[in-house]
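Reader: I have a protein model to study and would like some help in reading it. Could you take me through it one question at a time?

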Amino acid sequence: MYTVDRHDRVEELKELPRQSTGAPVPFLLAEDGELILAYLVESEADEAAVIEFESVHAQYFGPPNDEALSGHPLYQRGLRFYCAYEVQNSSWIRALERMNRVHPKHRRGMFGRCRHFIFTFHDTTLECVATGIRKVTWLPYVDRASLLADMRQRLPDNTVSRI
């Protein structure tokens, strides 16, 4: 994990669907530079939200769960349960930029368009650094297999077969 400094500021993304409090673990589908997140939403109907991120540079999926969220370095800055956030002036983005400085083609400011997103769930937390959210879709939730098939169709079809 990264170390937070005085510049990090947490802002809730209220326009994104709110996570169900008792839902199963969210689903992730990832390829190099691509990340799709799906989760059940807090609603009367069985619905899922599918979030497509663009130009993903890094991701973290794991602890803390809701019972340990107060141990997250951004909890004191407003990070709470079952919500989506963006971290302004992210220490994680600045750490990624510093780490990349050893690359011979590194350019100052190449992480300038990056955004740090956090989604807190019942059993896990997703954090990712991407240039943005490409698309948000609401779907009726039928079953796990159907949701995963929908997510797979959203990945760009530019994969190369390897032996």
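**A walk through the model**

Reader: Over the ring of which residue does the charged end of R80 sit?
Author: Happy to start there, and please keep in mind that this is a predicted model. The charged end of R80 is placed 4.1 Å from the centre of a ring. That ring belongs to Y75.

Reader: Now the overall layout, please. What is the order of the strands in the open sheet?
Author: The sheet has seven strands, and their pairing is antiparallel. At its edges are β1 (9-12) and β2 (27-31), each of which pairs on one side only. On average, neighbouring strands are turned by 30° against each other, direction ignored. Reading across the sheet, the order is β1-β5-β6-β7-β4-β3-β2.

Reader: Over how many bridges do β4 and β7 pair?
Author: Strand β7 covers residues 125-140 and runs antiparallel to β4. One place to look is A58, which stands opposite V129 in β7. The pairing of β4 and β7 extends over 14 bridges.

Reader: And the helices? At about what angle does α1 run to β7?
Author: Helix α1 lies across three strands, namely β4, β6 and β7. The other helix to look at here, α2 (residues 144-154), packs on the sheet and touches β2, β3, β4 and β7. The direction of α2 makes about 25° with that of β2. For α1 against β7, the angle is about 125°.

Reader: Which residues touch the most other members of the largest nonpolar core?
Author: This core has 18 residues. β5 (84-88) and α1 (91-100) each supply at least two of them, and the largest share, three residues, comes from α1. The residues that touch the most other members are L74, I118 and V129.

Reader: Which residues does I118 touch, leaving out those up to four places away in sequence?
Author: Let's go along the chain. I118 touches Y2 first in the numbering, then H72, L74, L79 and C83. The list goes on with A84, Y85, V87, T125, L126 and E127.

Reader: How many residues are in the other core, apart from that one?
Author: You can find this core by looking for some of its members. Among them are Y39, F53, F119 and A130. The core has 17 residues.

Reader: Why does the pair of Y39 and F119 tie together parts that are 80 residues apart in sequence?
Author: These two rings form a tilted aromatic pair, 6.2 Å centre to centre with 55° between the planes. Y39 and F119 are both buried. The pair ties those parts together because Y39 lies in strand β3 (residues 34-40) and F119 in strand β6 (residues 115-120).

Reader: What is the centre to centre distance for the pair F53 and F117?
Author: F53 lies in strand β4 (residues 47-62) and F117 in strand β6, so this pair ties together parts that are 64 residues apart in sequence. Both F53 and F117 are buried. Their pair is tilted, with 55° between the planes and a centre to centre distance of 5.7 Å.

Reader: Which residues form the aromatic cluster?
Author: The count of aromatic pairs comes to six. The cluster takes in the residues we have just met, Y39, F53, F117 and F119, along with F121.

Reader: Which residues does a cis peptide bond join?
Author: Look in the loop between β4 and β5, where P64 is found. The bond has an omega of about 5°. It joins P63 and P64.

Reader: Is S55 buried, partly exposed or exposed?
Author: S55 lies in strand β4 and has a positive phi of about 45° although it is not a glycine. Its relative accessible area is 41%. Buried would need under 20% and exposed over 50%, so S55 counts as partly exposed.

Reader: Where is N89 found?
Author: N89 has a positive phi too, near 55°, and is a residue other than glycine. With a relative accessible area of 45%, N89 is partly exposed. Its place is the loop between β5 and α1.

Reader: What distance separates the C-alpha atoms of V10 and L74?
Author: V10 is in strand β1 and is buried, with a relative accessible area of 13%. The residues that V10 touches include L74, R77 and Y85. V10 and L74 are 64 residues apart along the chain, yet their C-alpha atoms are separated by 7.3 Å.

Notes: Residues are numbered from 1 along each chain as its sequence is written. This is a predicted model: local features need pLDDT of at least 70, side-chain atom pairs count only at pLDDT 80 or more; totals for chains, interfaces and linings use all residues. Side-chain values use heavy atoms; hydrogens and water are left out. A nonpolar core is a set of buried Ala, Val, Leu, Ile, Met, Phe, Trp, Tyr and Cys residues joined through side-chain atoms within 4.5 Å. Buried means under 20% relative accessible area, exposed over 50%, partly exposed in between (1.4 Å probe, protein chains only). Helices (H or I, at least four residues) and strands (E, at least two) are DSSP runs, numbered from the N terminus. Contact means heavy atoms within 4.5 Å. Rings of Phe, Tyr and Trp (its six-membered ring) pair if their centres lie within 6.5 Å; planes under 30 degrees apart count as stacked, over 60 as edge-to-face and the rest as tilted. A charge sits over a ring if NZ of Lys or CZ of Arg is within 6 Å of the ring centre and within 35 degrees of the ring normal. Two strands pair if DSSP finds at least two bridges between them. Axes are lines fitted to C-alpha atoms, for helices over the stretch in contact, and angles run from 0 to 180 degrees between N-to-C directions.
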